[in-house]
Amino acid sequence: MQDAIICHLSVIPIRREPNDRSEIVTQLLFGERAIVVEENWPWLKVKLQYDDYEGWLDHKQVTALSDEEDQYINALPITCTYDIVQIVSYDQRKVVPVVLGSTLPCYKQPTFSFNNIKFAYEGMTKTFAIADKSLLMENAYMYLNAPYLWGGRTPFGIDCSGFTQQVYKLCGIKILRDASQQATQGRTLNNLNESLPGDLAFFQNKDQKIIHVGIILPGNKIIHASGNVRIDKITERGIYNEEAKRFTHELCLLKNISA
């Protein structure tokens, strides 16, 4: 069996290649787990357990899990932090800041543990035995004005598909990492009139490749990460930025994704 690891820091970069100058393709948040698929010491190539995304991380930024503990955690419902930022404490005076959408393995308020370390967390949480799509709009607005960051998944830096993935995660619904991957999921809608708030809209470049995604809001609006997480107008043509007085993204696909 492949080695399991867990993130014990606030947020760590997952890179395309095994070096510190390589592009960040996504991030691992506190409490999220991965499986090691390759080693190029001191770098580990991992497959993230949440979405099967692959990339390289520095071994110093994660801790190992036994197979038994990994399987036990995997069998439990996911508990997510529901504050923009909060504190996890352990070992009396040690703390780790954790951001919205981090994971608390084996959480029994106010404590949880992994790798023989007992943690305490007294902030807001959401635990999902079943999905709750009614939270989509509330979740999306929590990221409003977060700056755009390629590969980011936090309120302090997030990209378009990281934003949609995290909003859905906070409803207990797993979707894939990249916009082009998310576009393969769910039920295709014929036009905007068929869409409901919370549905996903996908946008293409001149080569007809999907490069952007956002979440439909009421009133022909969309919330998406472009420069920052912002709200713009959407039409059958695409996203219209009223500040710039122009269309910025070409609409190509609408999807309804259920649990």
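**Note on strand pairing and a buried helix**

1. Four bridges join strands S11 and S12, and the two run antiparallel. Phe112 has Phe119 of S12 as its bridge partner. The model under review is a predicted one, and the points below should be read accordingly.

2. The connection between S11 and S12 is a hairpin with two residues between the strands. Within this turn, Asn115 has a positive phi of about 55°.

3. S11 and S12 belong to an open sheet of four strands, ordered S10-S9-S12-S11 and paired antiparallel. The edges are formed by S10 (94-99) and S11 (111-114); each has a single partner strand, so one side of each is left without a neighbour in the sheet. From one strand to the next, the twist averages 30°. As general background, the strands of a sheet pair through backbone hydrogen bonds, in either a parallel or an antiparallel manner.

4. The remaining pairings of this sheet involve S9, which spans residues 85-90. S9 pairs with S10 in the antiparallel sense over six bridges, and Val88 stands opposite Val96 in S10. Towards S12 (residues 117-120), S9 is joined by two bridges, again with the strands running antiparallel. Here Ser89 stands opposite Ala120 in S12.

5. Further along the chain, S20 (residues 228-234) and S21 (residues 238-241) pair in the antiparallel sense over two bridges. Ile234 has Ile239 in S21 as its bridge partner. Three residues make up the hairpin connection from S20 to S21.

6. S21 also pairs with S22 (residues 246-256), in the antiparallel sense and over four bridges. In this pairing Tyr240 stands opposite Phe247 in S22. The hairpin of S21 and S22 has four residues between the strands, and Lys245 in this hairpin takes a positive phi near 60°.

7. Which residues of helix H3 are buried? H3 covers residues 160-169 and is mostly covered, with ten of its ten residues buried. The buried positions include the aromatic residues Phe163 and Tyr168, and also Cys160, Ser161, Gly162, Thr164 and Val167. Gln165, Gln166 and Lys169 are likewise buried. The criterion behind this statement is a relative accessible area under 20%.

Note on methods
Residues are numbered from 1 along each chain as its sequence is written. This is a predicted model: local features need pLDDT of at least 70, side-chain atom pairs count only at pLDDT 80 or more; totals for chains, interfaces and linings use all residues. Side-chain values use heavy atoms; hydrogens and water are left out. Two strands pair if DSSP finds at least two bridges between them. Axes are lines fitted to C-alpha atoms, for helices over the stretch in contact, and angles run from 0 to 180 degrees between N-to-C directions. Buried means under 20% relative accessible area, exposed over 50%, partly exposed in between (1.4 Å probe, protein chains only).
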